[in-house]
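Please walk through the structure below with the sequence at hand. The text starts at a single residue and then moves outward.

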Amino acid sequence: MATNPRAVTRAVDNLFLERWSPRAFDSSAIPQEDLDTIFDAARWAPSAFNYQPWRFLYAHRDGADWSRFLDVLLPFNQGWVQNAGAIVFILSDTLMAAPGSDDFKPSHSHSFDAGAAWALLALQATRLGYHTHGMTGVDFDKARAELAVPERFRIEAAVAIGRQGDKAILPEALQAREAPSDRKPVEAFAHAGSFAG
């Protein structure tokens, strides 16, 4: 297992440092109860007008839908995702209406809200001892057709969930990258006042 070289300069909860995106998974199954807990955490994400535009489509490894879900990933991702315990596709509803209304209008924040739900999903998975790896290496047209996704929904990303495995199962080039990555310093992206690059 990779050691975690991450360090913080402020009092950030360790959960945020423990969450990272490995590619080596151990091929173990994920109980439905654990997946339900992960999805339950995601539902508490903040959402514009409480519309909650996220949708999750998922398949368990060795389940009836596993090969269909794996097949819509790009070949590079198929190679390592095949060892995950579950694959989840995150979608967002691009239209919204007031409660009880059929007057749907474009949603400005559907992707933003779905991203918030994904973050909580990833953190809950970490808390349960799993790892998640989000990816956009997906044949999106094929995924839309194969998973019967209506046009009004945007397929945001796919996520592999599983227990971390030995990096030796990965190709050599990926083994070298199988470690938590660092992040830019806060000063590089948070600026008081106007945009500063």
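Gly129 comes after helix H5 and has a positive phi, near 95°. This is a predicted model, and the values given here are computed from it.

Helix H5 itself covers residues 110-127. Is its length what a helix of 18 residues should have? At 1.5 Å a residue the expected span is 26 Å, counting one step less than the number of residues. The end C-alpha atoms of H5 lie 26 Å apart, so the two values agree.

Part of H5 is buried, which here means under 20% relative accessible area. The buried residues are His110, Asp113, Ala114, Ala117, Leu121, Ala122, Leu123, Ala125 and Thr126. Among the elements that cover these residues are helix H1 (14-18), helix H2, and strands S1, S2, S5 and S6.

Those strands lead to the sheet. Four strands make up an open sheet, in the order S1-S2-S6-S5, and their pairing is antiparallel. Strand S1 (54-60) and strand S5 (131-135) are at the edges; each has a single partner strand, so one side of each has no neighbour in the sheet. From one strand to the next, the twist averages 25°.

At the S1 edge, the partner is strand S2 (residues 86-93), and the two strands pair in the antiparallel sense over 7 bridges. Within this pairing, Phe56 stands opposite Ile90 in S2. Helix H2 (residues 32-42) packs on the sheet, where H2 touches S1, S2 and strand S6 (153-162). The direction of H2 makes about 165° with that of S1.

Technical notes:
Residues numbered from 1 in each chain as written. Predicted model: local features only at pLDDT ≥ 70, side-chain atom pairs only at ≥ 80, totals over all residues. Heavy atoms only, no water. Pairing = 2+ DSSP bridges. Axes fitted to C-alpha atoms, helices over the stretch in contact; angles between N-to-C directions. Contact = heavy atoms within 4.5 Å. Buried < 20%, exposed > 50% of the residue type's maximum accessible area, 1.4 Å probe, protein only.
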